Amino acid sequence: MKQIALILTLLYSALNLNAQNIKFRENIDKDSLFNVAVQKLPIEMRGDFTKTYKSGNEQEKEFLLFMTLMPESSKQELIANFENKKTEIQRLKTEFQKLVPKNYVVDIEFKPESKILTVSEEITIKIYKVKKKDEKEYADEIERSDDLKVISQNWNLKPNSNELDKIIKSIGWTNQTLDQIKKLLNEANCISIENGKITTIGFARSGMGKYYYKIFEKPLNEKNKIEYTNNCQYIFYKDNIVLEYGGGAIGSQCFEKH
């Protein structure tokens with residue numbers, strides 16, 4: 001029970017206002033949904049979660065239900081998707097690079113509408129400008145965060161909104177561009193992409209973390225293999241592919257051990 005209380009305290013702190021804005025759709029039977037959702041938790045945690053849920057007030061129940069419904073993925077699913085969607089992932093990388101203006105880096109994620117929560121489709125988009133450097137020097141480097149100047153960072157924008165329209169126009173994009181990117185992502189069974197000297201493609205969220213593919217322009221040399229094989233955030237997969245797990249504010253910061 002202490003473990004559950006600690007989890008709840010930390011998550012309330014991390015999510016604060018976001019959690020308060022979450023509403024379940026009116027036609028949802030929350031108790032039945034919890035009874036199903038709790039079964040995906042490790043068996044040693046189910047009892048405490050169920051006791052905490054049953055003894056909680058309405059707000060606490062909704063928050064605990066929300067936590068049991070958070071998305072799940074794994075290293076195994078990340079690898080399986082790459083092998084099954086190799087061609088589509090490469091097409092996504094190539095076509096997205098063509099859409100981004102020269103000397104810009106764009107990171108975009110599409111979040112679908114929830115069937116359980118009153119959360120509509122949202123788009124997160126971040127735009128950076130590559131700092132001017134000696135072209136040969138830059139071509140030989142792996143891009144670093146300090147090579148980029150932040151132009152704009154915008155989370156959870158609504159499709160077809162004036163705010164989103166203004167942002168995409170700044171890089172010459174239209175709603176048709178967004179539709180094209182979304183289609184490419186769907187075909188690759190992925191949710192986000194960021195171009196650059198390394199293309200980073202988001203496969204799936206898991207809890208408060210996220211699984212990615214990092215795709216280099218050429219196979220990694222031995223130095224880069226060592227750099228991207230720490231068995232925590234990065235795992236060298238093969239050739240020019242590195243697997244990445246980005247942990248959230250709370251929870252595991254590394255790939256699972258198995």
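This short presentation covers three helix arrangements and one buried leucine in a predicted model.

Let me begin with helix H6, which runs from residue 86 to residue 99. Its 14 residues reach 20 Å from the first C-alpha to the last, close to the 20 Å expected at 1.5 Å a residue. Which residues of H6 are buried? They are Ile89, Leu92, Lys93 and Phe96. Viewed down the helix axis, these buried residues fall within an arc of 95 degrees, so they line one face of H6. The general background is that an α-helix has 3.6 residues a turn, so residues three or four places apart point the same way. On the other side of H6, Thr87 and Lys98 are exposed.

What does the buried set of H6 pack against? The partners are two helices, H5 (75–84) and H9 (175–187), together with the strands E1 (104–111), E4 (192–194), E5 (198–206) and E6 (209–216).

I turn next to the pairing of H5 with H6. The axes of H5 and H6 are 4 Å apart and the packing angle is about 85 degrees. An angle of 65 to 115 degrees counts as roughly perpendicular, and H5 and H6 are therefore roughly perpendicular to each other. On the H5 side the contact involves Asn81, Phe82, Glu83 and Asn84, which meet Lys86, Glu88 and Ile89 in H6. By class, this contact has three charged, two polar and two nonpolar residues. Ile89 thus appears twice in this account: it is a buried residue of H6, and it takes part in the contact with H5.

The second helix pair is H2, residues 30–37, and H3, residues 43–55. Here the axes are 11 Å apart, with an angle of about 170 degrees. That makes H2 roughly antiparallel to H3, since angles over 145 degrees are classed in this way. Lys30, Asp31 and Phe34 in H2 meet Phe49, Thr50 and Tyr53 in H3. The residues of this contact divide into three nonpolar, two charged and one polar.

Finally, I would like to consider Leu65, which is found in helix H4, residues 58–68. Is Leu65 buried or exposed? Its relative accessible area is 0%, so Leu65 is buried. Leaving aside residues up to four places away in sequence, Leu65 touches Phe24, Lys30, Leu33, Phe34 and Tyr53. Of these, Lys30, Phe34 and Tyr53 also belong to the contact of H2 with H3. The C-alpha atom of Leu65 is separated by 8.4 Å from that of Val38, a residue 27 places away along the chain.

How values were computed: Residues are numbered from 1 along each chain as its sequence is written. This is a predicted model: local features need pLDDT of at least 70, side-chain atom pairs count only at pLDDT 80 or more; totals for chains, interfaces and linings use all residues. Side-chain values use heavy atoms; hydrogens and water are left out. The expected span of a helix is 1.5 Å times one less than its number of residues. Buried means under 20% relative accessible area, exposed over 50%, partly exposed in between (1.4 Å probe, protein chains only). The arc is that of the directions from the helix axis to the C-beta atoms. Contact means heavy atoms within 4.5 Å. Axes are lines fitted to C-alpha atoms, for helices over the stretch in contact, and angles run from 0 to 180 degrees between N-to-C directions. Angles under 35 degrees count as roughly parallel, over 145 as roughly antiparallel, 65 to 115 as roughly perpendicular and the rest as oblique. Ala, Val, Leu, Ile, Met, Phe, Trp, Tyr, Cys and Pro count as nonpolar, Asp, Glu, Lys and Arg as charged, and the others, Gly among them, as polar.
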